[in-house]
Amino acid sequence: MAAASHSTAARASAHAAHGAGHVVSLKVYFAIFAALMVLTAVTVGVAYVDLGVMNTFVALAVAVTKATLVILFFMHVKYSTKLTWLVVASGFFFLAIMIAFTLADFVSRGWLGTPGS
Amino acid sequence: MLERLGLMPAQASTMAFQVDLLYGFLIAVTAFFSLLIAAGVIGFSIKYRRRSEHDRTPHIHGSNLLEVVWTVIPLAITMVMFFWGAHIFVTLKRPPDDALQVNVVGKQWMWKLQHLEGRREINQLHVPVGRPVKLTLTSEDVIHSFYVPAFRIKQDAVPGRYTTTWFEATKVGEYHLFCAEYCGTVHSGMIGKVVVMDPADYQAWLAGESTSAAAAAPADGGSGSLVASGKALYEKHGCITCHQAGSVLGPPLAGVPGSTVALQDGNSVTADDEYLRESILNPQAKVVKGFAPVMPTFKGQMSEEQILQLIAYIKSLGGDTAAAHGKTGS
Amino acid sequence: MSDSHVRVDAHGYEYAHQFDSAEHQHSASQLGMWVFIAQEILFFGGLFLTYTVYRYAYPAAFAQSSHHLDVTLGCFNTAVLIGSSLTMALAVHGAQLGRRWTQVIFLVLTIVLGSVFLGVKAIEYGHKFHEHLVPGPNFVFDGDAAHAQIFFSLYFVMTGLHALHMVIGIAILAVLVWQAWRGAYTPGYYSPVELTGLYWHFVDIVWIFLFPLLYLIGRHH
Amino acid sequence: MTSTNYLNADYGIWSWLLTKDHKRIGILYLISITFMFLLGGLFALMVRLELLTPAGDLLTADTYNKMFTMHGIVMVFFFLIPSIPAVLGNFCIPLMIGARDLAFPRLNLASWYIFMAGAVFTLYAIFTGGVDTGWTFYTPYSTAAANTKVIPAAVGIFINGFSSILTGLNFIVTIHRMRAPGLTWFRLPLFVWAHYATSIIFILGTPVIAITILLVAAERALQFGIFDPTLGGDPVLFQHLFWFYSHPAVYIMILPSMGVISEVITCFSRKVIFGYGFVAISSLAIAILGFLVWGHHLFLSGQSVYASLIFSVLSFLVAIPSAVKVFNWTATLYRGSISFNAPMIYALGFIGLFTIGGLTGLFLATLGFDVHVHDTYFVVAHFHYIMVGGALMGYLGGIHYWWPKISGRMYPEWPARIGAAIVFVGFNLTFFPQFIAGYLGMPRRYHMYPPEFQVLNVMSTAGATILGVGYLLPLTYLLWSLRYGKVAPANPWGATGLEWQTPSPPPTENFPVTPTVTEEAYAYAHRAEPEYV
């Protein structure tokens with residue numbers, strides 16, 4: 001087997017500058033955990049208050065907040081490269097596209113040429 | 001000419017000519033760009049063919065001006081296509097108010113049709129020339145698609161829903177009717193014909209006196225109008241028991257179609273055909289404000305055709321209570 | 001397999017032959033995991049879309065059906081899963097600092113919490129089975145049964161696939177415990193712990209959405 | 001010339017089945033998808049033979065329905081989608097970017113095993129009775145009406161999806177993290193850009209088809225009601241989910257092929273690509289815009305008029321970057337030094353066929369016209385111009401172009417040129433008449449048809465026969481060349497890419513020394529003299 005000489009030259013791509021990765025302090029972890037628990041309590045509590053259609057939106061807003069906290073701190077995205085942000089964002093962006101465009105069909109079906117109207 | 005050469009299907013509806021005109025435009029654009037590209041590729045290939053292994057080539061990076069040109073011009077042309085196509089499409093989605101009404105139920109593997117006046121057909125549709133005809137389609141099983149090439153119309157018949165399309169025939173004759181959405185074994189046998197007749201012949205046919213033996217209505221068809229059949233069903237299933245005026249069990253139905261109905265859960269809904277169908281088959285889904293969810297389902301007790309008859313009857317009940325329901329008009 | 005291709009860098013850290021350094025390898029695997037998570041977003045996204053469409057179409061049936069789910073158990077499970085995310089984060093923290101026992105303990109705790117979640121889920125499934133709320137020919141529901149059946153179909157598919165992800169996660173965690181106990185992870189090489197952490201947190205996020213969407217509809221009625 | 005290369009570095013079946021070398025894995029894919037292509041081709045042949053006559057006289061209706069279904073499933077999921085990425089992408093991307101392998105070699109091997117596992121399920125479905133739902137699996141036919149092997153076929157497609165996802169993941173990480181020193185994004189070969197764009201679709205689209213097909217299987221197997229109209233489920237929702245992946249999937253097929261064309265055109269006209277930046281970015285634009293147009297498959301499904309209008313206008317937008325590419329390729333030829341080796345003939349053929357395929361796509365995006373030709377042979381002709389005239393021509397061109405690198409042997413030039421010409425002629429004879437048949441109103445998936453369509457169908461079947469010969473020819477002489485072909489030099493075409501700077505076939509480690517890149521891609525003009533051997 002030909003011994004391929006191994007280049008020590010840095011690859012063209014920018015390496016994530018992390019050495020041993022970003023070490024988040026324990027205080028932050030516990031604070032986030034506490035926030036998540038509080039938000040869970042909030043979402044359950046609010047569900048029993050009649051806010052009309054706003055119930056759904058409040059529930060979703062709380063869920064989005066919780067997910068954001070997990071992503072930013074537990075998953076270290078706050079300390080990650082722009083590329084990581086981009087990957088996460090594009091996942092959610094295309095999910096939003098899928099839901100929005102499909103709903104555009106279902107919501108507007110009755111607007112024109114409704115059978116029987 | 002093109003029709004005789006076998007390059008164009010018969011043009012037998014008001015829409016056919018418009019669609020073909022658009023087709024002509026699309027063909028012209030396609031021909032222009034195909035020839036342009038072909039000329040470029042073939043011309044350059046000949047002119048700049050390799051003459052020697054030592055040929056030198058220039059280093060041409062590109063031209064922003066050209067990029068803009070061949071982005072903007074195609075974009076402009078496609079926008080013309082979009083608006084032209086959209087115009088025809090929206091027209092197809094809005095049947096004229098004076099259209100004749102035919103209900104179409106697809107089922108593996110036949111088309112069952114019924115005219116508003118009651119005459120039923122299978123795999124045939126008789127229509128008068130020069131009158132718009134509105135089709136309301138649904139399916140008993142899988143998705144089918146009602147396709148008449150000579151009219152340039154096609155519409156899926158989707159189970160559990162109503163879809164509509166319309167046409168106005170311009171030439172007396174017989175035309176292909178195809179199922180265009182794959183529906184199983186005999187998909188290619190789910191075909192029939194559309195018979196376009198003079199108005200007088202059509203009236204005679206409607207009355208069951210057609211001279212053509214082939215056009216005889218199937219034996220199973222009742223001869224009453226849609227409304228009459230619907231009324232019979234209304235009585236047979238005892239709808240009147242709960243839905244009479246002043247009833248506390250169910251809302252009166254006169255004037256409901258087309259109005260906005262307030263629901264128990266605080267929402268409201270426009271009482272279109274879909275809503276009426278759902279309320280017959282799945283009464284718990286949208287309960288009218290002020291009434292208890294006590295209506296039983298009629299799922300399995302009525303065919304899609306019978307539901308359409310019942311809806312026709314409910315619509316015929318008139319609009320005397322429309323004001324009470326806050327009629328929105330259309 | 002034949003890892004004749006493994007190389008060792010100046011600090012003594014191993015890395016695969018196609019990379020230039022252990023750090024290079026780490027940055028690649030981290031990106032790989034994030035791309036995998038983007039894929040998971042769309043995977044569950046198809047279900048969330050289906051849910052959204054039907055909830056929009058049949059709000060009343062969804063509210064009625066939701067009342068048949070046990071908020072207490074759902075809430076308990078949410079807390080358990082968030083707790084497991086914390087222990088997972090602490091395990092990664094331990095790995096970053098090269099604390100072997102911290103890693104092992106928190107990885108085991110994560111497995112325990114994950115298993116509690118699955119146990120509670122199994123109990124809930126059992127209840128649904130007894131109450132004839134499993135879609136199919138035996139489905140019984142007082143009210144808008146047809147649309148409720150759609151709700152419960154989605155309930156089982158969504159929570160079922162979520163649970164499947166947890167089962168896979170627990171299996172991976174079990175391997176990590178063994179490796180961590182052997183001292184395989186050091187501050188210079190702990191990608192497996194970190195990446196499993198990312199996966200585990202993502203599964204947690206899915207539940208963060210599932211809980212209000214399935215359990216908490218129309219509770220104020 | 002007995003230097004050690006990836007082919008002779010190791011021997012025995014296990015050295016292949018357990019290999020982590022991207023080049024060997026590419027070969028594994030090449031063999032598997034060639035088998036699938038022949039199988040899918042056989043089904044196509046049966047379909048075309050049946051359609052020689054208007055009556056359904058050769059096959060029963062059920063058999064015919066299974067034939068076109070299995071033709072679609074095999075060709076789409078097990079040939080076209082993996083074709084260029086899994087074979088040529090796998091083989092070339094690390095070479096082109098100066099890497100020793102993909103970022104995750106073990107995962108790469110796993111992708112092939114997952115592909116094979118998916119294929120096994122689908123083949124099981126095929127050989128134990130077949131499937132008849134159409135490759136589109138439309139509900140409620142697939143969930144309630146079909147009584148064929150839907151579940152194993154669905155499971156096969158579900159599994160196969162993860163092969164695509166993991167390949168895409170591998171490519172994205174590799175392209176981000178493994179480029180050689182000096183190889184900046186805008187120095188990358190356009191083949192790499194095309195695969196980057198394709199991988200985005202693999203990652204963001206494939207999981208949706210996976211979950212959708214899983215729901216279909218669950219609805220059939222467990223009697224769940226998700227799309228069931230009798231429960232209030234909506235079959236049109238299935239179509240949304242299905243096409244959210246399956247429309248972008250068309251770009252999975254065509255984008256890599258466009259990448260091949262960019263390599264071949266520049267090489268054989270010895271010119272830098274005209275408008276590099278526009279060609280590169282148009283790949284990304286196609287991938288992203290491609291996610292916004294799926295609803296044009298639903299114009300007649302009962303989709304709301306407003307949604308149809310939005311999807312129509314967006315569908316026109318996605319045509320623009322494709323047009324930009326075609327114009328730039330043509331402009332690249334200007335003042336070149338053009339030679340007509342077989343890959344170039346495929347590439348020029350691609351431009352012609354793709355132009356027609358793309359322009360007829362505009363017909364289908366035009367709402368008012370789509371009503372008439374939707375679900376007719378017009379659509380069949382259109383997508384075959386894209387998938388066969390486009391994707392397959394690109395694949396064959398690419399196979400010929402890199403054959404010396406892959407096998408270390410030259411393919412015989414004249415048979416290859418004749419083969420390419422036969423494919424071009426046969427293809428047009430097969431599919432051009434179908435445009436006319438569609439406009440005349442012949443619906444697709446028809447076992448029997450009215451007699452007035454017979455002439456066009458006979459032409460089509462005759463063309464298919466020629467096309468079949470055109471495909472068997474390369475299969476024959478490429479196999480022949482493995483033993484009798486001339487030994488290939490490192491850079492037989494005088495091309496610029498890094499893959500040509502290492503011996504043919506390359507050593508296992510790809511490059512003796514990691515190359516450093518100092519110039520832009522396709523700098524043909526800057527060469528003092530082509531490096532011929």
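**Contacts between chains**

I count two residues as in contact if their C-beta atoms, placed from the backbone, lie within 7 Å. With that cut-off I looked up where chain B meets chain C, and found that the contact takes 4 residues from chain B and 8 residues from chain C. On the side of chain B that touches chain C, I noted 1 nonpolar residue, 2 polar and 1 charged. I keep in mind throughout that this is a predicted model.

I then turned to the contact of chain D with chain B, which takes 77 residues from chain D and 76 residues from chain B. Among the elements of chain D that give two or more residues to this side, I listed helix 3 (61-96), helix 8 (235-269), helix 10 (305-333) and helix 14 (413-440). Helix 10 of chain D gives the most, with 15 residues. By residue class, I find 47 nonpolar, 23 polar and 7 charged on the side of chain D that touches chain B.

**Helix 14 of chain D**

I checked the length of helix 14 of chain D against expectation: its 28 residues, at 1.5 Å a residue, should span 40 Å, and the end C-alpha atoms lie 41 Å apart, which agrees. Just after this helix, I noted that D:Gly441 takes a positive phi of about 110 degrees.

Within helix 14 of chain D I picked out D:Phe424. I put D:Phe424 down as buried because 22 other C-beta atoms lie within 10 Å, the cut-off for burial being 20 or more. I also looked up its separation from D:Gly89, which is 335 residues away along the chain, and found 24 Å between the C-alpha atoms.

**The open sheet of chain B**

In chain B I traced an open sheet of 5 strands, in the order 3-2-1-5-8 and with mixed pairing. Strand 3 (120-122) and strand 8 (163-168) of chain B stand at the edges with a single partner strand each, so one side of each is left without a neighbour in the sheet. The twist from one strand to the next averages 25 degrees.

Inside the sheet, strand 1 (residues 100-107) and strand 5 (residues 132-139) of chain B run parallel and are joined by 7 bridges; as one example of the register, I recorded B:Thr136 in strand 5 as the bridge partner of B:Asn103. Helix 7 (residues 304-316) of chain B lies across strand 1, strand 2 (110-115) and strand 5, and I read its direction as about 155 degrees to strand 1 of chain B.

**The hairpin of chain B**

Strand 6 (residues 144-148) of chain B runs antiparallel to strand 7 of chain B, with 5 bridges joining them, and B:Phe146 stands opposite B:Gln155. The two strands form a hairpin with 4 residues between them, and in the turn I noted that B:Arg152 has a positive phi of about 60 degrees.

In a regular strand the side chains alternate between the two faces of the sheet. I therefore sorted strand 7 of chain B by face, and found B:Ile153, B:Gln155 and B:Ala157 on one side and B:Lys154 and B:Asp156 on the other, all of them buried.

**Chain C and the nonpolar cores**

Chain C has 6 helices and 2 strands, and from the N terminus on I read the elements as β-β-α-α-α-α-α-α. Its C-alpha atoms fill a box of roughly 70 × 30 × 30 Å along the principal axes, and of its 221 residues 57% count as buried.

I found that the largest nonpolar core has 371 residues, with C:Val35 and C:Leu154 making the most contacts inside it; helix 3 of chain D gives the most to this core, with 23 residues. Beyond its neighbours within four places in sequence, C:Leu154 is in contact with residues including C:Leu47, C:Tyr51 and D:Ile226. I also logged a second, separate core of 16 residues, which includes B:Leu226 and B:Ile314.

**Backbone exceptions**

Most residues other than glycine have a negative phi, and most peptide bonds are trans. Against that background I noted a cis peptide bond between D:Thr139 and D:Pro140, with omega of about 0 degrees; D:Pro140 is found in the loop between helix 4 (105-127) and helix 5 of chain D. The peptide bond from D:Ser504 to D:Pro505 is also cis, with omega near -15 degrees.

Phi of B:Asn123 is near 60 degrees, and I placed this residue in the loop between strand 3 and strand 4 (124-128) of chain B. I recorded B:Asn123 as partly exposed because it has 17 C-beta neighbours inside 10 Å.

Note on methods
Residues numbered from 1 in each chain as written. Chains lettered and ligands numbered in written order. Predicted model: local features only at pLDDT ≥ 70, side-chain atom pairs only at ≥ 80, totals over all residues. Nonpolar A, V, L, I, M, F, W, Y, C, P; charged D, E, K, R; others polar. Expected span 1.5 Å × (residues − 1). Pairing = 2+ DSSP bridges. Axes fitted to C-alpha atoms, helices over the stretch in contact; angles between N-to-C directions. Buried ≥ 20, exposed ≤ 12 C-beta atoms within 10 Å, placed from the backbone. Core = buried A, V, L, I, M, F, W, Y, C linked by C-beta atoms within 7 Å.
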